[in-house]
Each structure stands twice: as C-alpha cells, then as structure tokens.
Amino acid sequence: QVQLVESGGGLVQAGGSLRLSCAASGRIFSIDTMNWYRQAPGKQRELVATITSGGRTNYADSVKGRFAISRDNAKNSVYLQMNSLEPEDTAVYYCNAKLMLLYSRDFGDYWGQGTQVTVSS
C-alpha cells in the first residue's frame, strides 16, 4: 500500500558531498515525522536525522554541522544533504516515515529499502 523509495547513494571521496532523496507513495493520508537512519557493517542501525511535519529538525552528534535534512510535503519527500563526508559515514542509509494511510486511524512506521553510501579515504 505504501512505498518509500530512496535514491542518491553512491561512492564518494572523503570531503565530498551526496544528496539522498526519499519519496513516499501510495494511499497516504498524512505524514508525521520523517527520518534518516544508517547501518554500517557490524553495527546497529542508528538515527541520523529527523524532521517533523512542521519542519523542526534534529541530528545525531556525529553529523551535526555536516548533514542537513529537509522535506517537501507536497511531494511526500524527504532529503538528506551530506557534506564533508568521512569514511565513518559509510553505511546503508534508510528512509523512515511515520504516516497514516487513507481510512486509517493510526500512524504506522514505514521503511525504504536502503541506499548504500561509501566514502573512500
């Protein structure tokens, strides 16, 4: 019923930039918080950045000042601009949205399939 599709990952040198995009589609009534998570090999998935429906943002300490999350409510989309990338940022990045489907009464948690970001030193 709902799909979250990420794009924009790839291979970049340290110090470079990438912009991730995530578009939600389907029978969506409303989207609350949208998030970006990441999971590096052998590590737990961690929250990278959050943006509320009103545009308030929050970041993990490790990416503050380097990453910027934004959203386009008209397009049901969220973005992650990643600058000054470091090898430690290498991970699979996942889009997450708390959204309500048409004819539903509750918000549910939905995930994208992930996009690989690799930063070489």
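**Exercises on an all-strand chain**

Leu102 sits in the loop that joins strand 9 (91-101) to strand 10 (107-111), in a model that is predicted.

**Exercise 1.** Determine whether Leu102 is buried, partly exposed or exposed, and find which residues make a nonpolar surface patch with Leu102.

*Solution.* Begin with the relative accessible area, which for Leu102 is 34%. Buried would require a value under 20% and exposed a value over 50%, so Leu102 counts as partly exposed. Next, consider the patch itself, for which residues need over 30% relative accessible area. Together with Phe29 and Tyr103, Leu102 makes a nonpolar surface patch of about 410 Å².

**Exercise 2.** Describe the secondary structure of the protein chain, and state how many helices and strands it has.

*Solution.* Counting the elements gives zero helices and 11 strands. Read from the N terminus on, the order is therefore β-β-β-β-β-β-β-β-β-β-β.

**Exercise 3.** Compare the radius of gyration of the protein chain with that of a compact globule, and then describe its extent, contacts and surface.

*Solution.* For 121 residues, a compact globule would be expected to have a radius of gyration near 14 Å, and the protein chain, with 14 Å, agrees with this. Along the principal axes, the C-alpha trace spans about 50 × 25 × 25 Å. Turning to the interior, 43% of the 121 residues are buried. Among contacts with a separation of 6 or more, 56% are between residues 24 or more positions apart. Finally, the accessible surface of the protein chain comes to about 6600 Å², and carbon and sulfur atoms account for 46% of that surface.

How values were computed. Residues are numbered from 1 along each chain as its sequence is written. This is a predicted model: local features need pLDDT of at least 70, side-chain atom pairs count only at pLDDT 80 or more; totals for chains, interfaces and linings use all residues. Side-chain values use heavy atoms; hydrogens and water are left out. Patches are made of residues with over 30% relative accessible area and no salt bridge: like charges are joined within 9 Å, nonpolar side chains (Val, Leu, Ile, Met, Phe, Trp, Tyr) within 5 Å. Accessible areas come from the Shrake-Rupley method with a 1.4 Å probe; for residues, only the protein chains shown count as cover. A salt bridge is a side-chain nitrogen of Lys or Arg within 4 Å of a carboxyl oxygen of Asp or Glu. Helices (H or I, at least four residues) and strands (E, at least two) are DSSP runs, numbered from the N terminus. Buried means under 20% relative accessible area, exposed over 50%, partly exposed in between (1.4 Å probe, protein chains only). The radius of gyration is taken over C-alpha atoms; the globule rule is 2.2 Å times the number of residues to the power 0.38. Contact means heavy atoms within 4.5 Å.
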